[in-house]
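I opened a fresh page for this one and jotted things down as I looked them up. The entries are in the order I got to them.

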Amino acid sequence: MLKSKLLRALACASAVFLMAGSHAQAADCGNTGSGFSGFIKAFHKEAAARGMGRQALSVLDGITYDPGIIKKDRAQNIFSQSFLEFQARMITDYRIKRGAELVQKHKATFARVEKQFGVPAPVIVAFWALETDFGGNIGDLPTVQSLATLSWDCRRPEKFRPQLMAALQLIQNGDLHPDEMRGAWAGEIGQTQFLPYDYNESAVDFDGDGRRDLRGSIPDVMASSANLLRKHGWQPGQPWMQEVRVPRDMPWEEADIAIQHPRSQWAKWGVKMANGKPVKADNFPASLLLPMGKDGPAFLVYENFTTAYLKWNESLVYSTTASYLATRIAGAPKVSRGNSEVTHLTYQQIVALQKKLAARGHDVGKLDGKIGVGTRAAVKAVQIELGMPADSYPTMELLSQL
Ligand code: CA
């Protein structure tokens, strides 16, 4: 959930620094621990000026620069897996079974959550499974130290400094005690891994004990996750994803999450439900998602996927997996591997492809070895140029043609 959180934090980061105003030192950064204590001193002053009291400020006492966090941050970049690989690793029979049990166990809470926020239980439980194994693994690293280290690091301080301030705000609010400021390495807290900024903005006290507790209160976790999805544009009563079968040939360039057609159009092109039944031939808008191209698995996805899921996490592979797991918890059968075996390019091959696409003038974003939304769009453009089926998915054939 980290990446999208950071993007959203970025939107508010400039405002934070306008408010921080005259403090020149707050704009400084460093790639080692040198200068860290000066940064913390300046941050302490800024936080005090913004109304943080003694207890909130106390979490800055004695914190040190943590090179281990920097190492983890740098290592993130070499992660590259296909949807089928990632979902096989993340979606176990245990998670599906346990997820369905938890939907039942907490059904009264989920009924209240759905009534108020419009998000159905399986969607929330799937995030709960993927983020922390239903609360079993929320992380035990010191949040403030991690965020302070990433805030000082020059890589993207503008994204982490608002998170650090928000962490102090959570203590100031009485939502968390300083001892509870522990979680995953990049500052995520609680059972569905909220970054402090989202925690501060979107968490809900749903058990009525007067504080928003995303570590220990399941009702708070469920309602807050639903509230965040609703803020991301979740539309009550609408589907998010359905597995489908695609014909051997169709206008592949239409299979793009940026393109919607009425379901009747997909039906006309020969798309069928996974069980072989016809797609409902109505006007409801849907996109055709082929996470591994025309020969792999296929899904009709709806606004709830293309807005809310991708704002929770901008990684297409993660979002497809979370969304698919929610369908499994809701009772859908196992995904088909598609029409034939799809070979997923290696990290090095994807980077090579990204370089070639960039050299041809296509914007792929970072050369990160991941087949994200930008790389897929560039692949599609070049497939059209070369007269290949434009399904947005890179193959060895495409790489060798380039
Ligand atoms: Ca509460």
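**Entry 1: Leu168 and the cores**

I started with Leu168, and skipping its neighbours within four places in sequence, I found it in contact with Phe43, Ala47, Met52, Ala56, Leu57, Val59 and Leu60. A reminder to myself before going on: this is a predicted model.

Leu168 also turns up in the largest nonpolar core, which has 91 residues. Along with Val123 and Tyr309, Leu168 is listed among those with the most contacts inside that core. Which helix gives the most to this core? I got helix α8, residues 121–132, with 9 residues. Apart from this core I noted another one, of 15 residues, and Val246, Trp266, Val271 and Ala298 are among them.

**Entry 2: helix α10**

Next I checked the span of α10, which covers residues 157–173. From its first C-alpha to its last, the 17 residues reach 24 Å, close to the 24 Å expected at 1.5 Å a residue. I then asked how many of the 17 residues are buried. The count is 13, so α10 is largely enclosed by the rest of the structure. Just after α10 comes Gly174, with a positive phi of about 85°.

**Entry 3: positive phi without glycine**

Most residues other than glycine have a negative phi, so I wrote down the cases that go the other way.

Asp133 is one of them, with a positive phi of about 55°. I located Asp133 in the loop between α8 and β1 (141–142). Is Asp133 buried or partly exposed? It is partly exposed, because its relative accessibility is 33%, and buried would need under 20%.

Ser392 is not a glycine either, yet has a positive phi of about 70°. Ser392 sits in the loop between α17 (373–385) and α18 (396–401). The relative accessible area of Ser392 is 4%, so I logged Ser392 as buried. What does Ser392 touch, not counting residues up to four places away in sequence? I listed Ala255, Arg376, Val379, Lys380 and Gln383.

**Entry 4: the calcium ion**

I pulled up the coordination of the calcium ion next. The ligands are Asp205, Asp207, Asp209 and Asp220 through OD atoms, with Asp220 entered twice, plus Arg211 through O. The distances run from 2.2 to 3.0 Å. Along the chain, the donors follow the spacing D-x1-D-x1-D-x1-R-x8-D.

What is the geometry of the site? With 6 donor atoms and angles of 47 to 159° among them, the site is irregular. It counts as irregular rather than octahedral because octahedral needs opposite donors over 155 degrees apart and all others between 65 and 115, and the low end of the angles here is 47°.

I compared burial for two of the ligands. Asp220 is at 0% relative accessibility, so Asp220 counts as buried. Arg211 is partly exposed, with a relative accessible area of 23%.

**Entry 5: the open sheet**

In what order do the 5 strands of the open sheet come? I read off β4-β6-β7-β3-β5, with antiparallel pairing. The edges are β4 (261–262) and β5 (272–273), because each of these pairs on one side only.

I walked across the sheet pair by pair. β4 and β6 run antiparallel and are joined by 2 bridges, and Pro262 stands opposite Pro285 in β6. β6 and β7 are also antiparallel, over 3 bridges, with Ser287 opposite Val301 in β7. Strand β3 (residues 241–245) is joined to β7 (residues 299–301) by 3 bridges, antiparallel again. For Glu243, the bridge partner in β7 is Phe299.

I also looked at burial in β6, residues 285–289. 4 of its 5 residues are buried, so β6 is largely enclosed by the rest of the structure.

**Entry 6: Ile69**

Last lookup: Ile69, in helix α4 (residues 67–75). Ile69 counts as buried because its relative accessibility is 2%. Where does the chain come back to meet it? Ile69 and Thr149 are 80 residues apart in sequence, but 7.3 Å apart in space, C-alpha to C-alpha. Leaving aside neighbours within four places in sequence, I found Ile69 in contact with Ser146, Thr149, Leu150 and Trp185.

Note on methods:
Residues numbered from 1 in each chain as written. Predicted model: local features only at pLDDT ≥ 70, side-chain atom pairs only at ≥ 80, totals over all residues. Heavy atoms only, no water. Core = buried A, V, L, I, M, F, W, Y, C linked by side-chain atoms within 4.5 Å. Buried < 20%, exposed > 50% of the residue type's maximum accessible area, 1.4 Å probe, protein only. Contact = heavy atoms within 4.5 Å. Donors = N, O, S within 2.8 Å, 3.2 Å for Na, K, Ca; no water. Tetrahedral: all angles 85-135°; square planar, octahedral: opposite > 155°, others 65-115°. Expected span 1.5 Å × (residues − 1).
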